[in-house]
Each structure stands twice: as C-alpha cells, then as structure tokens.
Amino acid sequence: MKSLLVRFFLFSLVIAACSIALTAWLASQATTGAIRQEQGEALATDAQIYDGLLKAAATHRSWAAAKSEVDDLARTFNRRIALTDRNGKPLLDTGNASSPPLPVNPKVSVDPLNVDSWLKPGAGKIDPRAVGPFMLTDDEHAKLRSYADRLLQCNDKITIVEQPNRRPRLANDEPGNLSQWEDCTVGDQLYTLTPTETAAYAELHGLFKGCVSRLPQTYRFGPKDGPIPLDWEITTVKYSDPPVAECMDTARREQLRPWVAEYAHAFITEPTGAGPQTIDLSTTGTKQIILVALGILALAGFASWITATQLVRPIRALTTATRRTAEGDRTVRVDGGAGEIGELAKSFNAMSEKLAETERQRQAMVSDVAHELRTPLGNITGWLEATQDGLAEPDPHLIDMLLEESLLLQRLVDDLHDLAQADAGTLRLHPEPIALDDVVEQVVNSQQNREILLRAETTPVHLSADPVRLRQALGNLVANAVRYTPPGGEVVVKLFQEQSNAVLEVADTGTGIAPDDLPHVFDRFWRADKSRSRRTGGSGLGLAITRHLVEAHGGTVSVISELGRGSVFRISLPL
Ligand code: ADP
C-alpha cells in the first residue's frame, strides 16, 4: 500500500470505477425515464386515435363516408392512418403515393360492434356511439330538448346531458326521481319514447325474441321475457344469465350492422414511414446529470487533492534538503517514509553522508599535504637562509642534505599525483604479457638490505599487466615490511597461483599492526605511529597507492596482522 505505483493504480481504479458506475446508473435512469415517457405518450396517442376511429366507424355507414373524420385524426396526431378489410383490401389511407408500404401487421382492428377493450379501458363490447336506427330526428330532438329546458328552469341545480342518439336526460339520475318536480308539468314526457325509438326498439325486440326462442326452454320465461331495459350508457344489458345477455348483444349487433362502417384493420404509422421516433435524452434529467457529474468531479478532486498532498509533502522536504545541501549544509537528512519516495529519501541521505565524508577527507587531505610539505620545505628554507647569512658553508655535505630534502618532496608530489590520477580515473595502465616471478625477483633484489633476510618463493606465473605499476605496488609492500621489521627479522615474498588468481604474499616478522588500526592501514596519510616523520617512516600514502594500482588491475589487496609477531599483505590478481 505504501508504493507510489500501487497507490496511483488503486486511486485511478477507484475513481474510474466510481465514474463508470455512476455514469451507467445515470444513463440507465435517464434512458428508462425517457423510454417510459415515450412509450406512455405513444400508447396514449394510439388510444386516442383508436377512439376517434371507433367513433367515425360508429357514426358512419361506411369508411368512405368517414373519410374527412379520419383525415382530421391523422392531421391532429401527425400519423398516417391506413385501413384495410380483413383480406388486406385498402379501404382508406391518409398517406399519399410516396408513402412507404404498410407494415405486415396492423396496429389494431376497428369494429364499433366489437370494441378492443385493451386500448380503450372500460369499454363494453358495443360502442355506445353506434346508435343506428335509434338516432332521433331533428323534430323529436327539438321537442325533447324543450322539455329538458323547462326542467332546467324549474331547478337550476340539475344537469342535462345528451345520449349518443341525442336524447336529453338528467346526468347521473334515474328517471324515477323526476317525480319531485311534478309541478313543473314536464312529468314523464321527457322519457316518453319517440316514434323513431319505438320503431327501433320494436325491431330490436323482434330480433332478441328470435334469438331467445332458439335457446333451451329454461331461459324462455319469467321476468327475462318482459320489456327490454336498454341503457345507452351501459352497453352490457343487465341480464344475469349469460346466454340471454348474449342474445341481446347478438340482436343489437344484427340491428346495428348496416348502420356502421365495416370491420377494418388499422395501420397507424409515422407520416414519413420512419420507425419510432428516436428517444431524446437531452432534456431528461439534465439537472440530475449535471448534479451527479459535479458530484463525481468534487469527489475526484477531493481524493486527488488528498493523494497529491501526501505525495508532494516528502518531495517538498527533499527539495528543501537538496537546496540546503547545495548551499553547503551537509547535516540535512530527510524522512521520506516507505515506498518509492522513501527509497529516494534514503538514497539522498546516503548521498549526503558520502558528501560529508568526502568533504572531511578532502579537508584532512589538504591539511595532511600541508603538514607533509612543511617539514622538508622548512629544512630547505632554513639551510638556504643560513647559507645566505654566512652562517653555513655551501659544502658538499649541505648540498647532499638539501638534495635529499628535495627528493623527499619530489616523491611526495609523485605519490600525490598518482593518487589524484586514480581519483580522477585517469590512471593509465599499459598492460603487456609479463612473467610475474620476474617482477618479484626485481623488487626483492632492489630492496636487499644487510640487516634483514629478504627472500622470494615463486612459481612461474604469466599474466597481462602493467609491469611498472605492479613493481610500484609490490615495492610499497616490501618497503613497508623491511621498514617495520627489526634487524635480524625475515621478510618472505611468495608468488603462487590460486584458482584463477595470481597471489602475491609479503610476510614479515615485524611489529605487526593493532587490530583497531587494521581497517585504516589503506587510508591516505594514515600512520600507526603518528610521530613518525617522512624520513623515518613514510608519508602514509604508500598503501593507498598500492590499493589503487591493484584495483586498477581488477585485483584486491588485504592484510592479516598480529601485534608483535608480524604481518602478511596479500595481493590477488585475476589471470
Ligand atoms: P607509510 O609511508 O607511513 O609506510 P603506508 O601507507 O605504506 O605509509 O603505511 C601506513 C601505515 O601502516 C604505516 O605508517 C604503518 O604504521 C602501517 N604499516 C604498513 N605496513 C606495515 C607492516 N608491514 N608492518 C607494520 N605496520 C605497517
């Protein structure tokens, strides 16, 4: 969890998942809403068109006669309405010659004597607007209307409505209640059947009786055989026995059939023939979408801010630390926590540490160099001044002394130069195939000395190396061994092969080195005995140079020593 990468990954994943989920939810909400609304509208429109077609069919003897009404419907609802008979023969079409072919299946069938109750909820089987022979003549209508008006004058609280056959009647009122207005002298005149109605009822009664007579004996007597209580508003006649009720329906259909338009299939399509209108989401829940989008934005922004702050804090600390380091402060350390930034902080701390160490070494080196130069230079200056003042004679002895001092200086400067080259990486090697036993012989011969037994034990070893630099490295070790071994002691230089390495060992029986000092012997200007001068001991650069030279050859140098018993320096070079 501490890893920057993992945190970034998880963070992006969470934000993406939230956005996707919310967007999907929003889209589904908006789409569902839009589809529901669209479907509802389409359904309502279809129901209204269906109702209009039913009315047209119920009040006209044929579709041709109802054409203007159907045209009006098509115009009002901006639909193309086409009607065919059962066999697909066109009856009427509000489309024109360029209209596309009709769909395979009609939307609905239109028959005022058999109403589709799904599109027109609550409708009975026979549309009440199909009145046929019951339609009052103008005279009859005027007469009944005048009765109704008289009734209205008596009592302005009542409402008069007209039935589909234009007969006026009291709204929501049974005829019997009229008795309370007897003084109005209208009486039952309003409910007396007109000649038209009488004739129509007679015809219907005849048809009904004919049907009932064909029913089994049980249905043919009793109160059901009396006058027909026909209510225009209630299209199902209140005959409780289904077969008798069916007989009434059959009789009515038989009577009305010639008065209404024929059964037809209705095709209701878009005027252009295109499919259903595309759903427009733009207006649906726009406010909701904006709100949710803003919410996601705020959430993502907040989460980003928190994460970014957490990320940036250690980076800022690092920046400040780097700036202070650049200004020379070597004590700054950063705590970057865990993860990648933590690693960076650790690297920075290590770098600071190294810088401080280098700084310390540089300062020590400068002071050491000054110290080393001071003594021989002081000597040379002192003797030269004494000579100038006439206190000393420039005799051969003095000149020898001055020469020795200047040679010391020369060697010190050479050593420093070698180290500087090693530091800068410009120490040039000139490798060539050499016999290492020859190098050992040369070094041992050049360092022979009467007080100490110095000998070599070699086996022939050949490798590619810079002979001059190897002689210098080995020479430093042998010189030290000789220097720190008291008279009568022994120094042995061994050369042998160990696995794929050539090993040079310089063993002495000298003073040895204290365990505490061992880790420092290869450091620059380091000397176990601080009081030793260049003259008596060395500058403290010999082993440092040896290590550089060996490492430049790809080898290693190490030491084992015991105080008072002697030391063994060991150079290992890859073959
Ligand atoms: P120096 O010129 O002083 O010898 P080196 O770098 O060669 O400088 O050696 C550093 C120090 O390591 C010496 O001053 C000495 O104290 C110690 N040293 C080196 N070689 C030996 C040895 N063979 N026996 C004991 N001490 C040694």
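The following paragraphs describe the overall make-up, a five-stranded sheet, two helix pairs and three buried residues of a predicted model.

The protein chain contains eleven helices and 13 strands. Of its 575 residues, 37% count as buried. Among contacts with a sequence separation of 6 or more, 69% join residues that lie 24 or more positions apart.

One part of the model is an open sheet of five strands, arranged in the order β8-β10-β11-β13-β12 with mixed pairing. Its edges are formed by β8 (453–458) and β12 (556–562), each of which pairs on one side only. From one strand to the next, the twist averages 15°. At the β8 edge, β8 and β10 run parallel and are joined by six bridges. Within this pairing, glutamate 457 is placed opposite lysine 494 of β10. Strand β10 (residues 490–498) is also paired with strand β11 (residues 501–508), here in the antiparallel sense and over eight bridges. Two opposed pairs can be named for these strands: phenylalanine 496 faces valine 503 in β11, and glutamine 497 faces alanine 502 in β11. In a regular strand, side chains alternate between the two faces of the sheet. The connection between β10 and β11 is a hairpin with two residues between the strands. In this turn, glutamine 499 has a positive phi of about 50°.

Two helices lie across strands of this sheet. Helix α9 (residues 436–446) lies across β8, β10, β11 and β13 (566–574). The direction of α9 is at about 175° to that of β8. Helix α11, in turn, lies across β12 and β13, and runs at about 25° to β13.

Helix α11 (residues 542–552) also packs with helix α8 (residues 396–424), at an angle of about 40° and with 10 Å between the axes. The two helices α8 and α11 are therefore oblique to each other, and their crossing is left-handed. On the α8 side, the contact involves Asp415, Asp418, Leu419, Ala422 and Asp423, which meet Ala544, Ile545 and His548 of α11. By class, the residues in the contact of α8 with α11 comprise four nonpolar, one polar and three charged.

A further helix pair is formed by α1 (residues 4–59) and α6 (residues 286–326), which pack at an angle of about 175° with their axes 10 Å apart. This angle makes α1 roughly antiparallel to α6, since angles over 145 degrees are classed in that way. From α1, the residues in contact are Leu4, Arg7, Phe8, Phe11, Ile15, Ser19, Leu22, Trp25 and Leu26. Their partners in α6 are Gln288, Ile289, Val292, Ile296, Ala300, Ala303, Ser304, Thr307, Gln310 and Leu311. The contact of α1 with α6 is made up of 13 nonpolar residues, five polar residues and one charged residue.

Three individual residues were examined for burial. Valine 550 belongs to helix α11, and its relative accessibility of 0% places valine 550 among the buried residues, because buried means under 20% relative accessible area. Apart from neighbours within four places in sequence, valine 550 is in contact with Ala473, Gly555, Thr556, Val557, Ile571, Ser572 and Leu573. One of these partners, isoleucine 571, is 21 residues away along the chain from valine 550, and the C-alpha atoms of the two are separated by 7.3 Å.

Glycine 538 is located in the loop between β11 and α11. With a relative accessibility of 12%, glycine 538 is likewise counted as buried. Twelve residues separate glycine 538 and tryptophan 526 along the chain, and their C-alpha atoms are 9.7 Å apart.

Threonine 84 is situated in strand β1 (residues 80–84). Its relative accessible area is 6%, and threonine 84 is therefore buried. When residues up to four places away in sequence are not counted, threonine 84 touches Lys89, Pro90, Leu91, Tyr263, Ala264, His265 and Phe267.

Note on methods: Residues are numbered from 1 along each chain as its sequence is written. This is a predicted model: local features need pLDDT of at least 70, side-chain atom pairs count only at pLDDT 80 or more; totals for chains, interfaces and linings use all residues. Side-chain values use heavy atoms; hydrogens and water are left out. Axes are lines fitted to C-alpha atoms, for helices over the stretch in contact, and angles run from 0 to 180 degrees between N-to-C directions. Helices (H or I, at least four residues) and strands (E, at least two) are DSSP runs, numbered from the N terminus. Angles under 35 degrees count as roughly parallel, over 145 as roughly antiparallel, 65 to 115 as roughly perpendicular and the rest as oblique. A crossing is left-handed if the near helix is turned anticlockwise from the far one by less than a right angle, and right-handed if clockwise. Contact means heavy atoms within 4.5 Å. Ala, Val, Leu, Ile, Met, Phe, Trp, Tyr, Cys and Pro count as nonpolar, Asp, Glu, Lys and Arg as charged, and the others, Gly among them, as polar. Buried means under 20% relative accessible area, exposed over 50%, partly exposed in between (1.4 Å probe, protein chains only). Two strands pair if DSSP finds at least two bridges between them.
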